[in-house]
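Student: Please give me a close look at one part of this model, the surroundings of the ligand, and set it within the whole before following the chain outward from there. I would like one connected account.

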Amino acid sequence: MQLADRLKRFSEPQTIRMAKLSRELKAQGLDIIDLSLGEPDFRTPEHICNAATEAMNAGYTKYPPVAGIPELRAAICTKLQRDNGLQYAPEEVMVSTGAKQSLANAILCTINPGDEVIIPTPFWVTYGALVQLAEGTNVFVDCTIDTDFKITPAQLEAAITEKTRMFIFSSPCNPTGTVYSKEDLAALVAVFERYPNILVISDEIYEYINFRGGHESIAQFPSMRNRTVVVNGFSKGFAMTGWRLGYMAGPKEIVQACEKFQGQFTSGANSISQRAGVVALTGDMAPTKLMTEAFLQRRDFIIPALANIPGVKINNPEGAFYAFPDISSFFGKSFGETTINNDEEMAMYLLHEGHVTTVMGSAFGANRCLRLSFATSMGNLENAVKRIAEALGKLK
Ligand code: PMP
């Protein structure tokens with residue numbers, strides 16, 4: 001069977017591969033605790049589900065406009081003003097099948113072959129793959145636990161060349177939980193102001209899962225407003241991963257280009273999800289706050305618990321729902337026949353020896369780390385930490 005060469009430019013996300021492996025082992029009857037997937041373990045709030053039922057009953061089952069139903073585009077503008085102090089007209093926002101499609105649209109509609117895209121590591125798996133698909137060049141900048149995984153202005157400036165076209169980052173960050181403060185962003189903006197041709201993609205999908213309070217968007221800086229694409233969605237803050245609904249806000253030319261692109265790819269997001277999305281953005285935020293409180297409690301359990309394991313080094317995430325421990329002190333150690341040489345072997349060891357599924361840090365450009373999602377029950381987290389501590393303790 002002949003398959004297209006472009007498939008060779010990127011691989012299946014490791015997050016999805018690990019979840020698949022985990023399901024296979026569970027199907028064999030093993031008691032596996034899966035900490036691999038980035039998905040809230042809560043149900044979508046009832047008022048949002050009811051809005052979908054009503055939408056179906058009212059006949060909102062036809063093709064929606066490609067860029068999104070007017071009610072949702074308007075609700076997104078209201079939300080951006082209310083929560084972020086950002087002013088956008090409906091023509092400057094576009095709805096897609098998940099934030100993932102918004103990112104794909106933005107990257108594939110602006111990157112030409114050879115354009116350089118600066119991505120601070122650790123980064124969310126899909127950015128690099130989409131840049132490769134667009135035949136751009138990824139320029140990864142290594143950010144370490146010493147700066148809480150934040151890129152410094154000096155690192156940013158050093159990575160910029162004449163070919164730099166884009167900068168992509170997430171705050172709160174998947175996988176590190178790092179949150180950029182207004183001051184952190186201001187320091188990066190001072191660099192961007194010297195390089196007006198660089199477009200910024202600001203992935204804000206974990207906006208509401210923020211433990212320090214107060215989300216800041218780089219688009220709030222007047223000099224960045226017309227060169228930033230803000231990407232956001234419903235999956236995390238409203239526990240709506242399966243509804244596949246996300247959006248972008250940005251310069252009109254880019255939004256129009258993305259509309260043309262999306263018109264050939266998906267014809268836009270699901271009409272029923274979109275009606276529910278209006279209610280999510282304009283309705284009761286109490287369920288979102290409750291979920292965030294639960295994530296905070298779990299963070300306050302799992303981070304100290306992991307930090308207590310001898311050999312584990314870890315930052316304290318201020319947002320999202322991931323722990324990202326550095327486990328490189330175990331590289332070279334063995335248990336029985338098994339020697340752990342890298343993050344992938346560690347993830348496999350913890351799966352087979354500890355029955356806990358994690359994701360190797362190299363999937364996020366950080367091969368000394370593992371990512372553990374704490375979007376699961378306290379009971380699961382307590383057991384998982386016990387198993388991990390035990391498995392790591394066996395390595396000599
Ligand atoms: N950006 C980041 C940083 C994410 O973690 C995810 C989901 N894991 C997405 C985007 C994509 O979200 P969606 O479900 O809206 O496609």
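Tutor: Helices and strands are used here as DSSP runs, of H or I over at least four residues for a helix and of E over at least two for a strand, numbered from the N terminus. With that reading, residues 31-388 are 38% helix and 15% strand, and the C-alpha atoms at the two ends of this span lie 14 Å apart. The span comes from UniProt, where an unreviewed entry places the feature "domain: Aminotransferase class I/classII large" at these positions, residues 31-388. The model is predicted, and what follows should be read with that in mind.

The whole comes before the part. The protein has 12 helices and 14 strands, and its radius of gyration of 21 Å is close to the 21 Å that the globule rule gives for 396 residues, so the protein is as compact as a globular protein of that length. Along the principal axes, its C-alpha atoms fill a box of roughly 60 × 55 × 50 Å. Of the 396 residues, 48% count as buried, and among contacts between residues at least 6 apart in sequence, 72% join residues at least 24 apart.

The domain assignment divides the chain into domain 1, which is made of 5-43 and 287-393, and domain 2, which covers 46-282. Taken over C-alpha atoms, the centres of the two domains are separated by 26 Å, and their contact takes 34 residues from domain 1 and 32 residues from domain 2. On the side of domain 1 that touches domain 2, helix 1 (14-27) and helix 10 (286-307) each supply at least two residues, with helix 10 giving the largest share, six residues. By class, that side of domain 1 holds 16 nonpolar, nine polar and nine charged residues.

Now to the part you asked about. The ligand is surrounded by 13 residues, of which G98, A99, K100, G233 and S235 are the closest. Divided by class, this shell has eight polar, three nonpolar and two charged residues. Helix 4 (residues 98-108) gives the most to the shell, with three residues, and this helix is mostly covered, since nine of its 11 residues are buried. The buried ones are G98, A99, Q101, S102, L103, A104, N105, A106 and I107; G98 and A99 are thus buried and also among the residues closest to the ligand. The packing partners of the buried residues of helix 4 are strand 2 (93-96), helix 5, strand 6 (199-203), strand 7 (228-233), strand 8 (246-249) and helix 8 (252-265).

Two of those partners lead further along the chain. In the loop between strand 7 and strand 8 lies A239, which has a positive phi of about 50° although it is not a glycine. A residue counts as buried if 20 or more other C-beta atoms lie within 10 Å of its own, and A239, with 22 such atoms, is therefore buried.

Helix 5 (residues 125-133) is another of the partners, and its own buried residues are V125, T126, Y127, G128, L130 and V131. These pack against helix 1, helix 4, strand 3 (116-121), strand 4 (137-142) and strand 5 (164-170). Just after helix 5, E135 takes a positive phi of about 65°. The loop between strand 3 and helix 5 contains P122, and the peptide bond leading from T121 to P122 is cis, with omega near -5°.

What does A366 touch, once its neighbours within four places in sequence are left aside? A366 is in contact with T121, P122 and G361, while its own place is in the loop between strand 13 (359-360) and strand 14 (370-373). A366 counts as buried because it has 26 C-beta neighbours inside 10 Å. Its C-alpha atom and that of C143 are separated by 8.9 Å, although the two residues are 223 places apart along the chain.

Beyond strand 4, F149 lies in the loop that runs to helix 6 (153-159). Its phi is near 65°, a positive value in a residue other than glycine, and with 23 C-beta neighbours inside 10 Å it counts as buried. In the loop between strand 5 and helix 7 (182-192) one finds P175, where the peptide bond from N174 is cis, with omega near 25°.

How values were computed. Residues are numbered from 1 along each chain as its sequence is written. This is a predicted model: local features need pLDDT of at least 70, side-chain atom pairs count only at pLDDT 80 or more; totals for chains, interfaces and linings use all residues. The radius of gyration is taken over C-alpha atoms; the globule rule is 2.2 Å times the number of residues to the power 0.38. A residue is buried if 20 or more other C-beta atoms lie within 10 Å of its own, exposed if 12 or fewer, and partly exposed in between; C-beta atoms are placed from the backbone. Two residues are in contact if their C-beta atoms, placed from the backbone, lie within 7 Å. A residue is near a molecule or strand if its C-beta atom, placed from the backbone, lies within 6 Å of it. Ala, Val, Leu, Ile, Met, Phe, Trp, Tyr, Cys and Pro count as nonpolar, Asp, Glu, Lys and Arg as charged, and the others, Gly among them, as polar. UniProt positions are given in the numbering used here, feature names are shortened, and annotations may be inferred rather than shown by experiment. Domain bounds come from an automatic or database domain assignment.
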